[in-house]
Amino acid sequence: MEHLNAVLSGIPMTLLVTAASFAIGATAAIPLTLLMMSPWRPGRLLARVFTDIIRGLPPVVWLFIIYFGVSIGGFQFDAVSAAIMGLGVVSAAYLAEIYRSGVLSLHEGQWEAAAAMGVGRLDTVARVVAPQAIRVAVPAATGYAISLLKDSAVASTIGVTGIAYMATQDARSNAGGLPVYLFAAALYVLLAVPVAVAARLAGNAMQRKVSR
Amino acid sequence: MSNEASSSARALASAADSVTSQGGDVMVRLDGVSKSFGNAPVFRDVSLEVKRGEVAAIIGPSGAGKSTLLRCVNALESCEAGRITVGDATISAGDGVTRSQLLALRRRAGMVFQHFNLFPHMTVLENVSFAQRRVLGRSRKAADERSRELLERVGLAERADYYPSRCSGGQQQRIAIARALATDPEVMLFDEPTSALDPEVGLEVLAVMRELADSGMTMMVVTHEMSFARDVSDQLMVMADGQIIERGDPHEVMTDPSQARTRKFLHAVLER
């Protein structure tokens, strides 16, 4: 039983790292998407290169780089901040692609209708394009959030005390790690299911709203 | 006396030089406008005038550049050469077009699209009020009040709180007309407004357009509706092969066209 308690004690840290890095990613992805889709060529190129590099790096390598490699004038990230920052940046790259496909799913006529009435670009993006793109992006973004929850396990490699870390610790100090890992696996599933259900409900609610 | 003389001399000069003047009753003027997509020219050196209160219909075969020409009037398409004037707003292709010039042009023109392009996440009322609030800075109350008037005018007051997806195609296009009227444009541009609708439903849209024409609105209509072009428009332009090949009184053009190309087109659409 104390094995299970040890693994359970990793839940808050797993949730913290997941939620915080998703929040950072979801926010940072907005300017990144705008840059990707801007008429300004160097901006588009910069955003493209950035997302391709970030998505090409294995998250574990990326976390090592941030945790061991970054020191700004004596400042170094502690493990939790490094994990949140690192996974936040990765999330931004993936979510920007998801946002972008949401924007591209809109018919050109939506932009044109707003432009023809003299509505500015900012208002068009904020009030015409974004609300529709978000509806399209929610399912994919939810899928990403779930995979981020699982990927947060890599943070255990730099010592973040989430579910995976606690399970590893427990398996090492006691013989017979399999049940502990199975329990950890079940915990990840239990955490992921409510996220998926909540997203489906939200998606249905949005669908109902436009079919009145 | 000398004042009078010089002013009538100016009037004469401007009448003689009508291509470059700002004749008071001309609402839309295109001077030598050219447009191509990449290396493919769409039309070359097109000039036209639509007077205040006039309804100008543009007909012609598909691919003639009718819609592209109409989209140049409110600068949804940029043209390579020429000058476009709507009311007292002018843009020239040569100079860089500033945002304020673009806005000035678009505020004077309302546009109705073939595929309506209503905003699906806004109610009918919000669709019509949107630009009033964002562009004209009207309060929600003032905008909604005006929107309800316009919806009443197109016969859809009772649909105000529905979403566009719950309205029929004909209703959606009438909502789109109300939305385009909401910013008080001086000219209305119609880009094949009935082409996406079945013929019977198209009639209810044409009825609204006819009412609009009768109320004195200046209109440019790209259309395949020949009877509308003949009976409602004051000026008919026939576009083919990147040019306006014929223009004039609709009845004359339709019954006695001067160009062989026009005859061929009219034969195809009228005597099928």
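This passage describes a helix pair in chain A and a strand sheet in chain B of a predicted model.

Two packed helices are described by the angle between their axes and the distance between the axes. In chain A, helix H2 (residues 11-36) and helix H5 (residues 79-104) have axes that come within 5 Å and cross at roughly 45°. That angle makes H2(A) oblique to H5(A). The crossing in which H2(A) passes H5(A) is right-handed.

Residues of H2(A) that meet H5(A) include Val17(A), Ala20(A), Ser21(A), Phe22(A), Ile24(A), Gly25(A), Leu32(A), Thr33(A) and Met36(A). On the H5(A) side, the residues in contact include Val80(A), Ile84(A), Leu87(A), Gly88(A), Ser91(A), Leu95(A), Tyr99(A), Arg100(A) and Val103(A). By class, the contact of H2(A) with H5(A) comprises 18 nonpolar, five polar and one charged residues.

In chain B, six strands form an open sheet in the order E6-E7-E8-E3-E9-E10, and the pairing is mixed. The edges of the sheet are occupied by strand E6 (109-112) and strand E10 (243-248) of chain B. Each of these edge strands has a single partner strand, so one side of each lacks a neighbour in the sheet. From one strand to the next, the twist averages 20°.

At the E10(B) edge, strand E9 (residues 235-240) of chain B pairs with E10(B) in the antiparallel sense, over five bridges. Opposite Ile244(B) in E10(B) stands Met239(B).

Definitions and conventions:
Residues are numbered from 1 along each chain as its sequence is written. Chains are lettered from A and ligands numbered from 1 in the order in which they are written. This is a predicted model: local features need pLDDT of at least 70, side-chain atom pairs count only at pLDDT 80 or more; totals for chains, interfaces and linings use all residues. Axes are lines fitted to C-alpha atoms, for helices over the stretch in contact, and angles run from 0 to 180 degrees between N-to-C directions. Helices (H or I, at least four residues) and strands (E, at least two) are DSSP runs, numbered from the N terminus. Angles under 35 degrees count as roughly parallel, over 145 as roughly antiparallel, 65 to 115 as roughly perpendicular and the rest as oblique. A crossing is left-handed if the near helix is turned anticlockwise from the far one by less than a right angle, and right-handed if clockwise. Two residues are in contact if their C-beta atoms, placed from the backbone, lie within 7 Å. Ala, Val, Leu, Ile, Met, Phe, Trp, Tyr, Cys and Pro count as nonpolar, Asp, Glu, Lys and Arg as charged, and the others, Gly among them, as polar. Two strands pair if DSSP finds at least two bridges between them.
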